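Work through the exercises below with the coordinates open, and try each task before reading its solution.

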Amino acid sequence: MDDQYLLSMKNISKEYFGNRVLKGVNLNVKPGEIHALVGENGAGKSTLMNILFGMPVIYSTGGFEGEIQINGESISIDSPHTAMNCGIGMVHQEFMLIPEFNVTENIKLGREIGEPTALSKIFGNLLEKMNWTQMSKEARKALDSIGMMNIDEYAKVAGMPIGYKQFIEIAREIDKTGIKLLVFDEPTAVLTEGEADRLLEIMRLIAEKGIAIIFITHRLTEVMAVADSMTILRDGEFVVRKDVKDITLAKIAELMIGRQIDKLVDDSLLASRNLSDDKIALEFKDYHVDMPGERVKGMNIKIREGEIFGFGGLAGQGKIGIANGIIGLFETQGDVFAFGKRLDLSKLGEALRNDIAFVSEDRRGVGLLLGESVERNITFTAMQIKDQFLRRIGPMKILDKAKADQHTREMIKLFDIRCTGPSQTAGSLSGGNQQKVCLARAITMDPKILIVSEPTRGIDIGAKKLVLEYLTKINREQGTTIVMISSELVELRSLCDRIAIVSEGKVFSVMKPDDSDAAFGLAMAGVREEEAV
Amino acid sequence: MSQKTDFFKKAGSFLFDNKVMIAFAAICLAAIVLSGSPMTFIVDGVFTRITRNTFTVLALIIPVLAGLGLNFGIVIGAIAAQIAVFCVVYWGLGGFGGMLLSVLIATPLAVLFGYLVGKLFNRMKGAEMIAGLILGYFADGLYQLLFLVIIGGVIPVNNPKLIISGGVGVKNTIDLTGNLKYAIDSVRMVDIVTVVFYVVLAVTLIKVILHLLKKYQLNKGDFIFFGIVGLLFGISYIPVVEKFLSTDRLILLDALTAVLIVLAILQLIKIVRSIWIDKEPLKTLVKPIVTLLVYGLIYALTFIPEIEEVLSYVKLPVLPFLLIAGLCWFNQKILSTRLGQNMRTVGQSQSVAMASGIDVDKTRVIAMIISTVLASWGQLIFLQNIGTFSTYGAHTQIAQFAIAALLVGGASVQKATNKQAIIGVILFHTLFIVAPEAGKQLFDNAQIGEYFRVFVSYGVIALSLAMHAWTQFKKEVQPPTGGADLEIPALPAVTVKQQTLK
Amino acid sequence: MKTIKDIYENIGLPRLIIGVFFIFLVVVSIVLGFSPAALFSDVVRRWLMYGTLVLAMVPGIQSGIGLNFGVSLGISAGLLGSVFAMEISFLRNWNEVLGAGAPWLTLLLALLFGIIMAAILGTLYGLLLNRVKGSEMTVSTYVGFSVIAFMNIVWLSLAFKNGELSWPLQGQGLRNTASLSGSFGGLLSNPDVVQSTQPAWLQWLAFKIGDFTLPLGLILVFALLCFSVWLFFRSKLGIAMSGAGENQLFTTSSGIDVDRKRIQGTAISTVLGAIGIILYAQTYGFLQLYNAPLMMGFASVASILIGGASVRRAKISHVLIGTLLFQGILVTALPVVNEVIEIGTLPEVLRIIISNGIILYALSKTKGGNQ
């Protein structure tokens, strides 16, 4: 049975630092087949591919369990180089091209054809003369074979449209001798619509030559359009392998999302409140944020006072950009109103001065001064914005150590931050405790609106529960409006009053937490429900 | 119309790309005019300094291409050369043989040093330049320790010419007269021709042997090359030629004439080939013919008495210039090898190079070794020409001046060519020669001119480093994945092809 | 066992080697019969002499521009301030008019001029450094060199009347080394100067206890400067500046303009450089112009690194310990070495090796100072 598959990965499991990210996953691909690999962010797709390519990150973290077979033969792939020798290639999401080189040089990068010279006979092939005529011929052939007759093999790559760069990258993989399997990792994410269509055609062209393709994408419509079969992963688990003709879009969406919602928060806290459309805490009008990779492109939404509002959506669609724009890390356009007052976001600290506090998704990069004490971290923002923890001595404002210390101790107690004391450096805390410090810093600002971005990313279950419960608590007890941005739909659905799914930098739809799994799945994939029936 | 604007655009971008060089040329010109020094003096001085310094400047090119930036670490190559010179002088050797021995000692030392520097730089990626600078100072300290304390102090050396009398340590200056002075400069042309002939003969024989062993395919070029060299060797036996070749210096006028003749012959061959062999349209002939005319014009200019006077005054040592030409050729040739291509790739992007299976660290180490070895040879050329070896000073400014010269020629942290190196040496050293006199004329103080040139050499490096850092920083702040192409939504969420929905 | 390892890791290998070496030198010199009092006087004097220049590194490092090799800018400003102050003092004939007060006024004027110029230059320099983020050290080294080279031209062009400053019989140009003995030289640190020029109630500024010289005036000034910097980094502005140096994104997201803080840090560093060179000159007794300050930035950088600072974080204690160790070695090495072999230049060689070795070590530890 097995030998019908070119590649089979069997019962693959992988653990990162005690966290099981893959649990007995199977992946089977036939020759000449386009096989889609779908799943939410964090479903385990990239880990699976890292295993397939023998990436060092896998081996430096203790390897994996399971078996990889190619043409029915068990093999061990321990480095990207082995993967290449086995005929496995990858079209990267970030282009591995050198702009200053021409197309031929890029296609032949690292695999240049040399002519032996007298010197190279003595000193090795590093002194071989480059044979550019032969190389450009082969580059031409590779380009022609994917139908890219109009790309000149002598042209410089710099300044070419992004689509062309993608095609050159593909030509490079095709040019490799003995290529059997090609992985496309989100290839259409950066392309225009026309280019994306072209790419799908090229994928079919390649598949017709008998080369198998693994197609990783979030765009379910593309899967339906081009793939022959698919594997769905969810939470590191294998869900199903199906032929595309046997499944519907709605069914895929449901299988990707479907799981029961764990109650992370104590029921007693979920008492009803008075939410009114007249009392708006935060309003976005045609809001743009120029955050590379997470652009917001014209968002309109009103968030009510006292509400817990969630932003969900796939990575790269712009949900992360929302908060980073408000806080002033990236340039914004359009209007943001807090309690009816327009915020001038070109001024640094504008949001903070208007009682909006922020917990960053990038804990170590943005959220903390890793080399400073817990105390400095917790008090920093309030000190700078609200002049707290300071004593006036003449014209100078000097740190009031006693006050800062006392407040920090209160926070340590409140959030159960496990540390040796206020003077321990933030960098030496565990992830969960670091997150609590970030939250404590935001709370110290005594905000009316609290924006938390990926509040539970990379922290243990206990800390997760504590953080979410605390968010609910200050919402219910103090009426703080919470805006929660998260990739974890479960989390959003367990907590939020409403959830906006962000797609292409805009609000795609606003949903209720008890909407169906399929509805969520389709919204995440950017497909209108009425069209997928 | 459009051609005209195109021309202006081109001219504009030419001026912009070469702004450093042009500004510097203007300063040089002004200084020459101000100084009022005779042209014979200036041209002679400039050529002396070209002899001394160009080799070292050319040694900087490969690290730039390999992405290591301006190699402030060439000081260490110079140190290797100086250790070798000290040994050779101590052993009482001299002449060309002594120089060869210096090369034999300096080269393995430089390879070792270059390897270590390369290893260190691999630990400090992105900070090679500051590391190289500090490393240069650090190496200078160790060098002083060696020459001041260890030689004479730990290792007993009994040589009153070299050791400070009544103490330990090496003297401040070592006179090279009578041993290594002009060891390279004074090689006669006829000897060079003879040696080249025998070397080519040997290489051809090896190739023939390899051919017979079926390890190498002999081609036409091999024979033509051997033929030309053999012919030249034969000509050198004609008495007139032999007499001309039996000197070690070439009058600049003769050198220019010879270069023009060779270039003209090359152009003629090109013309002949394109007419009779490639049968290209006549339009392509315009460029070579114009070039030929320019050569003619240049030759005609040499008949102007003022120019002729200068040209016949200046005498060039032949071998150093051949070595410089050889290094230019080497810098060019290495790029057409796999090693050169790897270096370029590493220089452009280390991550892409790594993903393409290139051993980035090894390539960088090789680049550093080559540069350090070349720098040590450059220092040997420098020392034998200058004739006195200032033990504690000869190497200290070498990186500073070589880098400044390269930058003046229009090079940058990421891009450098042979042409820029040579133009840079000419401009930078012209300023060095005329600045004191210009300062004297302008401010009545020669010292000001001297300080000015030092300021310029620091300033041009500071400016070029700042400009490089600025562009790097801007790149980081504004990633190239720019707005326009992402503004168009990649695939509208609503379009779902009908056939896929069953 | 664990605590010993902790202590070792806290101190770090280079500091341990240098510290042990220093103690070794001190022991050897005492065994060789040198007067400990005289030796320590010298160590203390050099410690205070270089201290402020090293202190100037702290605001630079804390505000995120890294090791400020460009402190030469501040040094130049301080030197300019000093020569202007001396020239004015000469032209106004302060020595006759003011008597014992003349050197004080000259010193204050030199500081005032120096600080103002350094603040302006430092701000401009900060603007430049904001444009070359990530390569501050490479750029600042060469900016420092260029400034010294430029100042050479300035020194050569100034036409001053004060004979202490200008070459005799030449209309133009200042001396390489100008004596401060008739001016503020030794005012805070030299017992002889204090005794001969200052009134009785100021005799506490510098006095001798047996062989040991106590430059109390200088100690107080240096302590005051250290305290000010320490206090500054406990103020709102100082804390914001430290934040900017530690994590730009964090600080921006707390509503602080990071670039502004970096400019302020650079300016303060430059101002401290100016004060530092004036205090250096007053202790040394001479103003050193032209190329003398070329490598002073390196010595300062090396000192603070020896003290345990990194290219990203520095404390006052690093300044104190580093300067003490570095200068201590150089002071004690000379007599010891001379006793063993007669090589007068060995301490100089030692200085080059230690200072550049420690900088290289620090750079390789942090991958060249880049994050």
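Contact here means heavy atoms within 4.5 Å. The model is a predicted one, in which local features need pLDDT of at least 70 and side-chain atom pairs count only at pLDDT 80 or more, while totals for chains, interfaces and linings use all residues. Residues are numbered from 1 along each chain as its sequence is written, chains are lettered from A and ligands numbered from 1 in the order in which they are written, and side-chain values use heavy atoms, with hydrogens and water left out.

**Exercise 1.** Describe the contact between chain C and chain A by residues and by buried area.

*Solution.* Begin with the residue lists: chain C contributes 22 residues and chain A contributes 30 residues. Next take the buried area, that is, the accessible area (1.4 Å probe) that two parts lose on being put together, summed over both; for chain C and chain A this is about 2100 Å², with 65% of it on carbon and sulfur atoms. Finally, look at the side of chain C, where C:K236, C:I239 and C:F250 lose the most area to chain A and together make up 33% of what that side buries.

**Exercise 2.** Find the polar links between chain C and chain A, and the elements of chain C on that side.

*Solution.* First apply the salt-bridge rule (a side-chain nitrogen of Lys or Arg within 4 Å of a carboxyl oxygen of Asp or Glu), which finds two salt bridges across this interface. One of them joins A:E372 to C:R313, whose closest N and O atoms are 2.9 Å apart. Then count the polar contacts (pairs of N or O atoms within 3.5 Å; within protein, one must be able to donate a hydrogen and the other to accept it, and residues adjacent in sequence count only if both atoms are side-chain atoms): there are 11 such residue pairs, both residues being at pLDDT 80 or more. Last, assign elements, using DSSP runs numbered from the N terminus (helices H or I, at least four residues; strands E, at least two): α10 (216–232), α11 (236–246) and α12 (248–253) of chain C each give two or more residues, and α11(C) gives the most, with six residues.

**Exercise 3.** Repeat the analysis for chain C and chain B.

*Solution.* In this interface 42 residues of chain C are in contact with 40 residues of chain B, and the buried area is about 3600 Å², of which carbon and sulfur atoms give 78%. The salt-bridge count is zero, while two residue pairs are in polar contact, both residues at pLDDT 80 or more. On the side of chain C, α7 (101–131), α8 (136–157) and α16 (346–365) each supply at least two residues, and α8(C) gives the most, with 14 residues.
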